[in-house]
Amino acid sequence: MHQSGSTNGDSHQRTFTQELAVVREQCENLGSLLQNDYQRVRRGLGIELQLNLVEPHITPLIQSYRSNPRPVLSASCFPNSRLPQQVQHSLRRTLVTIALATHINMDRPEFILEVALASYLADISMAAIPEEIINKPDKLSTDERKVLQNHPSLATKLLRSKDFPSHTLLYILHHHERHNGSGYPAGLKGSKIPFGASLVGICDTYCALTAPRCYRKADNPTQTIVTLLREKGNAHAPKLVDTLVLHLGGFPIGTVVRLSSGEVGVVHRHSPSAPTRPTVAVAQDPGGQLLTPPFLRNLEDEPDVSVARVLDSSKTRLNVLELLSVSG
Ligand SMILES: [Fe+2]
């Protein structure tokens with residue numbers, strides 16, 4: 001897999017910025033399609049999505065990730081805020097799922113497509129669940145929990161008459177099972193859980209924790225990686241946790257960090273051989289002055305400098321997207 005540049009299967013060389021624009025355009029299309037069906041489900045109507053509407057937008061994302069992981073990983077940091085939260089969550093989860101599925105099962109493209117489709121469609125039935133239940137900050141009552149926990153079965157029912165692969169429906173049905181058997185709907189444990197469902201499940205957790213909810217702030221990506229590692233073997237299978245952490249890194253792309261030098265920047269890329277020593281696009285000097293132009297510091301080559309702190313990206317004045325496009 002290339003770490004820079006892109007061939008993207010059409011022999012057309014694109015820069016990172018061009019490739020990111022392509023990825024975001026596919027996400028826009030997928031977001032509009034999903035939003036349309038969310039609205040239909042909310043009104044009690046059947047869904048319109050079918051394989052030939054979705055696949056043409058998912059396949060280019062899979063190809064893009066194989067050519068160069070950075071555009072897809074970068075897009076996963078930037079949900080489209082014009083879309084409902086559930087739709088944004090499904091899109092981010094789809095991108096992270098493509099990343100994880102590619103590394104877990106690179107030689108089985110049909111698996112990557114099936115699991116990406118499952119990730120995209122898994123919560124389509126949430127539109128039928130009252131917002132008061134979805135956004136309730138307190139513990140759910142038994143009845144409310146039953147309604148919420150019915151959403152994988154309901155999604156499977158809504159999609160049954162469509163032409164999506166049967167494995168995709170199976171992964172949707174079980175995407176809330178947990179490795180230790182504490183999940184739903186069947187309380188399956190370990191290897192009894194369909195593997196694609198476990199894969200969507202860990203990506204769902206990562207994306208849920210890194211997004212704000214009306215009753216809590218988002219965790220930063222590094223906090224979330226730490227949470228996943230701490231819970232390894234409980235909620236999620238060790239192999240999935242290890243692979244996700246290896247390829248997202250301890251400081252995932254887009255994370256705003258302060259370095260031990262006092263400089264501030266954005267994680268620009270990382271190398272699986274050094275998950276805690278990413279390349280950072282440095283944009284602010286130790287005195288807080290913006291640097292023009294920003295520059296890249298590869299911590300793998302600079303043993304004296306390390307990441308000192310992760311900063312709240314919503315509170316910085318850095319243009320993260322622009323910094324991810326810095327070349328060097
Ligand atoms: Fe779900």
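**Group meeting: a walk through a two-domain model**

Hi everyone, let me start with one residue: Lys 232, which, leaving out residues up to four places away in sequence, touches Pro 238 and Val 241. Before I go on, please keep in mind that this is a predicted model.

So where does Lys 232 sit? You'll find Lys 232 in the loop that runs between helix H11 (221-230) and helix H12 (238-248). Is Lys 232 buried, exposed or partly exposed? Its C-beta has 17 neighbours inside 10 Å, and because buried begins at 20 and exposed ends at 12, Lys 232 counts as partly exposed. For a sense of distance, take Pro 56: 176 residues separate Pro 56 from Lys 232 in sequence, and the two C-alpha atoms are 35 Å apart in space.

Now compare another loop residue. Ser 182 is in the loop between helix H9 (166-173) and helix H10 (195-209). Ser 182 is exposed, because just 12 other C-beta atoms lie within 10 Å and 12 or fewer is the limit for that class. If you have the model open, look at Ala 235 as well: Ser 182 and Ala 235 are 53 residues apart along the chain, with 7.6 Å between their C-alpha atoms.

Let's zoom out to the domains. The protein chain is divided into domain 1, covering 16-248, and domain 2, covering 256-324. Their C-alpha centres lie 29 Å apart. How many residues make the contact? Domain 1 puts in 8 residues and domain 2 puts in 7 residues. On the domain 1 side, helix H3 (69-75) and H12 supply at least two residues each. H12 is the biggest giver on that side, with 3 residues. By type, the domain 1 side that touches domain 2 splits into 3 nonpolar, 4 polar and 1 charged.

Next, the inside. The largest nonpolar core has 79 residues, and those with the most contacts inside it are Val 72, Ile 98, Ala 116, Leu 117, Leu 121 and Val 266. This core takes at least three residues from domain 1 and at least three from domain 2. Pick Leu 121 as an example: setting aside neighbours within four places in sequence, Leu 121 is in contact with Ala 155, Leu 159 and Ile 172.

Last stop, the sheet. What is the strand order? This open sheet of 5 strands runs S4-S3-S2-S1-S5, with antiparallel pairing. Strand S4 (290-298) and strand S5 (307-310) are the edges, each pairing on one side only. On average, neighbouring strands here are turned by 40 degrees against each other, ignoring direction.

Let me stay with one pair in that sheet. Strand S3, residues 274-284, pairs with S4 in the antiparallel sense over 5 bridges. Within this pair, Ala 281 stands opposite Leu 296, and Val 280 stands opposite Arg 297. As a reminder, side chains in a regular strand alternate between the two faces of the sheet. The hairpin of S3 and S4 has 5 residues between the strands, and there Gly 288 takes a positive phi near 90 degrees.

That's the tour, thanks for listening!

Notes
Residues numbered from 1 in each chain as written. Predicted model: local features only at pLDDT ≥ 70, side-chain atom pairs only at ≥ 80, totals over all residues. Helix = DSSP H or I, 4+ residues; strand = E, 2+ residues; numbered from the N terminus. Contact = placed C-beta atoms within 7 Å. Core = buried A, V, L, I, M, F, W, Y, C linked by C-beta atoms within 7 Å. Domains from an automatic or database assignment. Pairing = 2+ DSSP bridges. Axes fitted to C-alpha atoms, helices over the stretch in contact; angles between N-to-C directions. Nonpolar A, V, L, I, M, F, W, Y, C, P; charged D, E, K, R; others polar.
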